[in-house]
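I opened this notebook to record what I looked up, one topic at a time. The structure comes first, then my entries.

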Amino acid sequence: MTTAPAGSAPVFLRDGQPWDLEARKRVARESVAALRRPQPRGLPRPPGPPALRTLAGMLRRTKGTELFGGISRDHPRIAHVRIGPEHIYVLSDPDLVVQVLLTEARHTTKGRALQQAKALLGEGLLTAGGELHRRQRSLVMPAFHRARIAGYAALMVEEAVAHRDAWQRRIEAGDVALDMAADMSALTLAIVGRTLFGADLSGDAADVGRALTDVLDGFDRMLVPGARVADLLRAPWVRDLERATGELDAVVARLITEHRASGDTGDLLSMLLASTDEQGGMADAQVRDETMTLVLAGHETTAMALTWAWHLLDANPAEAGLLRDELASLDGRPPTFEDLPALPRTRAVVAETLRVYPPAWILGRSMLDDLEVDGWTVPAGSIVLALPWALHRDGRFWPEPLAFRPGRWLDVEGRFDEGAPGQPRGSWFPFGWGSRRCIGDQFAWTEAMLLLATLAPGFAPTLAPGHRVDVHPAVTLRPEGGMPMRLRQAPAQP
Ligand code: HEM
C-alpha cells in the first residue's frame with residue numbers, strides 16, 4: 001500500500017513519508033542547492049554580450065527568442081553571458097550541441113528551472129537525474145513500444161474524427177471563429193486523457209482540464225529563468241497551484257487504485273503499473289510523478305506543433321494543396337497507423353513545422369563537472385543553453401531558413417528522409433538527444449500526422465483578418481495572444 005487510506009486527503013507515500021507538495025518543494029530546493037558550485041576566479045570565458053543584472057527584468061523587455069537568438073547570431077560557436085550570479089554559455093554550433101547534449105551528456109544534469117519544477121512534477125522522467133532517471137527510463141519505455149503506439153493510434157483517430165465532425169457542425173452553424181491554440185490543446189488533452197488513463201477520465205474531464213490549465217500556468221511561472229525558487233514558492237499563485245496539484249493527485253490516486261484492480265486495459269497507466277525490473281515495479285508515488293510528467297510533457301508540445309502547422313499551411317496555400325493531394329489517397333476515410341509510412345509529405349509537413357517553430361525552443365543543462373568545449377573550460381555549476389529555435393533557423397545549415405518548404409525533407413523518390421536537407425548533425429533537434437531524448441517522439445509523430453491526415457483534407461483554417469502572428473516563448477513556443485483563426489472548408493481538389 002503506497003497511498004494513504006481512503007477518507008483522508010489522498011497523499012502518496014515515498015519511502016514511508018508523505019509525497020505531497022511540501023515534500024516535493026523540499027526536494028526542489030535541495031536539488032537547486034545541489035547545483036551550486038564555487039565559480040573559479042579569473043577563468044577565461046568566451047566573448048558574449050555585457051552582463052545582465054537579472055534575466056527576468058531583461059525578459060520583460062525582450063523575448064527569450066530574440067535575446068538568445070541574437071546572442072546566437074552574434075556568436076556563432078559559443079558565447080558567455082553573466083546573468084546575476086549565473087554564468088551561462090550559449091551553444092550555436094551543431095558539433096558543440098552534440099558534444100554537450102549527447103556525447104558528453106554525463107557531465108550535465110537538468111537545469112535549475114526543471115529542478116524547480118520538481119515541486120509540481122515530482123521526480124518523473126523530465127526532472128529526475130542520475131540512477132533514478134536511468135531506472136525510470138527503462139521502466140517507462142515499454143509504454144512507448146511501437147505496438148503500444150499502434151494501439152493509441154486508434155484512440156487518436158477516434159478523437160480526431162469527433163473533432164472533424166464538430167468543426168463541420170460549427171461551419172454549418174456559421175460559428176467559425178476559434179483560437180486554434182486552445183482548440184488544439186483541448187484535442188491533445190483529450191487524447192492524452194484517453195491514451196494515458198483509458199475512458200476512466202471522462203467523468204473527471206472538466207475538473208482535470210481546469211486543474212491542468214492552472215498547473216500549466218504555474219509551471220510556466222516556475223520556469224522563469226533566474227527566478228529564485230524561494231520567491232517562486234511564496235508567490236500568491238502558488239495557492240492555486242497547490243489546489244490544482246491536490247486535485248490532480250486525487251484523480252491520479254483514484255485511477256491508480258482502479259487500474260490496479262482491473263489489470264492491463266491497454267492504456268499507458270496500465271503499462272506503467274505492469275512494468276517491472278529486478279527491483280520490482282514502481283511505487284505509486286513514482287507512478288504519480290510519471291503520470292503528471294506525461295500529461296504535461298505530452299499534451300502542450302504536440303498542441304503547439306499542430307497550431308503552428310495550421311498557421312504555416314494557411315500562409316503557404318500551395319504547400320497545403322500538395323498535402324491534400326497526398327491525403328486524397330485515403331479516399332475520404334479516416335487514416336490508420338498502417339497508412340503513415342505511405343504519407344511522406346504529411347510527415348514532412350510535421351518535420352518542417354518542428355524546424356520553423358520548435359515547441360521545445362530552448363534546452364538547458366547545469367554542468368556537474370568542468371568540461372572543455374571549443375577550447376574553453378566550462379566550469380561545473382554553470383548553465384549551458386542550446387536553442388533549437390536558433391539552430392533550426394540558421395542560414396549556415398538551411399537554405400531559405402525562414403521559408404516553409406516541406407519538400408526539403410523528401411528525397412528524389414519522394415520518400416521522407418530526416419537527412420534529406422543535408423544539414424549537419426546537431427542543427428535539427430526538436431526532440432533533444434541521447435538518453436534525455438523525448439520518450440514520446442513516436443507518439444508525437446503519430447498523433448500529429450493522424451490529426452493532420454483527418455482534418456486537413458476537409459478544412460483550410462485561415463488567420464483572423466488583421467491578426468499579426470508572433471511567438472510567445474513560454475515553457476513551449478506558443479503564439480502571442482493565441483492563434484485566432486476561422487474555420488473554412490478546404491477548396492475542392494482538382
Ligand atoms: C511535438 C511534440 C513534442 C516535442 C517537440 C517534444 C520535445 C521534447 C524535448 C526537446 C525533450 C528533451 C528535453 C531536454 O533534453 O531537456 C523532451 C523530453 C520528454 N518528452 Fe517530449 N516532446 C513532444 C511530445 C511528447 C509526448 C507526446 C510525450 C508523452 C506522451 C512526451 C514526453 C516527454 C518526456 C517524458 C520527456 C523526458 C524524457 C527523459 O528525459 O527521459 N513528449 N520532449
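The entries below go from the metal site to the helix, the core, the rings and a small sheet.

**Model.** I note at the start that this is a predicted model.

**Iron.** I looked up what holds the iron atom of the ligand on the protein side. Its only protein donor is Cys438, through SG, at 2.3 Å. I then placed cysteine 438 along the chain: it is in the loop between helix H17 (388-391) and helix H18 (441-455).

**Glutamine 286.** Is glutamine 286 buried or exposed? I find it in helix H14, which covers residues 284-315. Its relative accessible area is 10%, and because this is under the 20% cut-off, glutamine 286 counts as buried. I also listed its contacts, leaving out neighbours within four places in sequence: Arg14, Glu123, Gly124, Leu132 and Gln136.

**Core.** I checked the largest nonpolar core, which has 130 residues. The members that touch the most other members are Phe144, Trp167, Met184, Leu268 and Trp310. Helix H14 gives this core its largest share, 14 residues. I followed up tryptophan 310. Not counting residues up to four places away in sequence, tryptophan 310 touches Trp167, Met180, Met184, Leu452, Leu455, Ala456, Phe459, Pro461 and Met485.

**Rings.** How many aromatic pairs are there? The count is 11. I wrote down one of them, tryptophan 409 with tryptophan 428: the pair is tilted, with 4.6 Å centre to centre and 50° between the planes. Both residues lie in the loop between H17 and H18, 19 residues apart. Tryptophan 409 and tryptophan 428 are both buried. I then looked for a wider group, and ring pairs link Trp398, Trp409, Phe416, Trp428, Phe431 and Trp445 into a cluster.

**Charges over rings.** I noted two cases. The ring of tryptophan 398, a member of that cluster, has the charged end of arginine 355 over it, 5.2 Å from the ring centre. The charged end of arginine 393 sits over the ring of tyrosine 357, at 5.3 Å from its centre.

**Sheet.** I looked up an open sheet of three strands, and its order is E6-E16-E13 with antiparallel pairing. Which strands are at the edges? They are E6 (177-179) and E13 (462-463), each of which pairs on one side only. E13 is joined to strand E16 (residues 484-486) by two bridges, and the two run antiparallel. Leucine 463 has methionine 485 in E16 as its bridge partner. I had already met Met485 among the residues touched by tryptophan 310.

Definitions and conventions: Residues numbered from 1 in each chain as written. Predicted model: local features only at pLDDT ≥ 70, side-chain atom pairs only at ≥ 80, totals over all residues. Heavy atoms only, no water. Donors = N, O, S within 2.8 Å, 3.2 Å for Na, K, Ca; no water. Helix = DSSP H or I, 4+ residues; strand = E, 2+ residues; numbered from the N terminus. Buried < 20%, exposed > 50% of the residue type's maximum accessible area, 1.4 Å probe, protein only. Contact = heavy atoms within 4.5 Å. Pairing = 2+ DSSP bridges. Core = buried A, V, L, I, M, F, W, Y, C linked by side-chain atoms within 4.5 Å. Phe/Tyr/Trp six-rings, centres within 6.5 Å; stacked < 30°, edge-to-face > 60°. Lys NZ or Arg CZ within 6 Å of the ring centre and 35° of its normal.
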